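Please open the model in your viewer and keep the selection panel at hand. The stops below are arranged as a short tour.

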Amino acid sequence: MSLPTEKLYTWQRGTDVPFRTRVSMGKVVDARPVFVFGYNPDVQNVEETIWDHGGLYAYPTSATTMTISSSSASTNAVVSIVGLGAGYVEQTELITLNGQTPVTTTKSYLRINGMSALSGTVADSIYLGTGTVTAGVPATVYARIINGNNRSEMGIYTVPAGYEFYFDHGTVSHGSDSSNAFITARLAYRLPGLLFQTGAKVTLNNIFIHFPFEYPLLLPAGTDIETRGICSKQQLNAVATSFQGLLVKTEIF
């Protein structure tokens, strides 16, 4: 005679599953993980943000509608935009592209935390931005999806309203065909109303570096976070980055 099997979820036992895993499972109230990654294929001797469009990232000065389009007339993908509206309030929307013809967002955005192509055809890069659109590329780009990735690769994140971000780990890697060039990379963050400041800095040459924060860095709502890099020489360098932490709903007493 076989005994009935008791179905117990290990997360219900409290400590049987690590805290981080329970957060990812959605079993911790008012907390969720954030993982951000970025890539810049061409960092030279001028500091750039580690993101797939290149250059130093420029943030919108106020919430505004944007347009989304592709450099290919054949792109008709459905794209998910994840960003923050006025007051840094979280918001998302889905938009179906119409090739190189710009499609205007329904919502206004103060920050863009990323976007991804969910379905349809992605025939070339997808751009989200403002200003005059030429051959599918807006004058000012706030997010880009390079064909084949189906999501943006931006080492950029802004903490949404009503939350605190506990930054606990970051990575950066460098690839180059020159052994005499090195990258200086740094974590930069800007508290609301203040200037960008450096939270960590490393130098590297064809290597991967990770920098854990044993005591997480607490960053409040409205804080802009990004990874930047500069090369010691004017030459082609690929730089990748990632960072992560815990987003926790702000307690109101």
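Begin with the open sheet of this predicted model: select its 4 strands, which follow the order β6-β3-β8-β9 with antiparallel pairing. The edges are formed by β6 (103–104) and β9 (137–145), each of which pairs on one side only.

Next, restrict the selection to β8 and β9. Strand β8 covers residues 126–134, runs antiparallel to β9 and is joined to β9 by 7 bridges. Within this pair, display I126 and look across to β9, where I145 stands opposite.

Now move to N113, which belongs to strand β7 (residues 111–119). Is N113 buried or exposed? Its relative accessible area is 18%, so N113 counts as buried, the limit being under 20%. Show the side chain of N113 and the backbone of T158: the N113 side chain reaches the backbone nitrogen of T158 at a distance of 2.9 Å. Expanding the selection around N113, and setting aside neighbours within four places in sequence, one finds contacts with V82, G83, L84, I156, Y157 and T158.

The last stop is V89, in the loop that lies between β4 (78–84) and β5 (90–96). V89 has a relative accessibility of 46% and is therefore classed as partly exposed. Which residues does V89 touch, when those up to four places away in sequence are not counted? They are G83, L84 and A161. Finally, set a distance monitor between the C-alpha atoms of V89 and L110: these two residues are 21 residues apart along the chain, and the separation is 9.0 Å.

Notes. Residues are numbered from 1 along each chain as its sequence is written. This is a predicted model: local features need pLDDT of at least 70, side-chain atom pairs count only at pLDDT 80 or more; totals for chains, interfaces and linings use all residues. Side-chain values use heavy atoms; hydrogens and water are left out. Helices (H or I, at least four residues) and strands (E, at least two) are DSSP runs, numbered from the N terminus. Buried means under 20% relative accessible area, exposed over 50%, partly exposed in between (1.4 Å probe, protein chains only). Contact means heavy atoms within 4.5 Å. A polar contact is a pair of N or O atoms within 3.5 Å; within protein, one must be able to donate a hydrogen and the other to accept it, and residues adjacent in sequence count only if both atoms are side-chain atoms. Two strands pair if DSSP finds at least two bridges between them.
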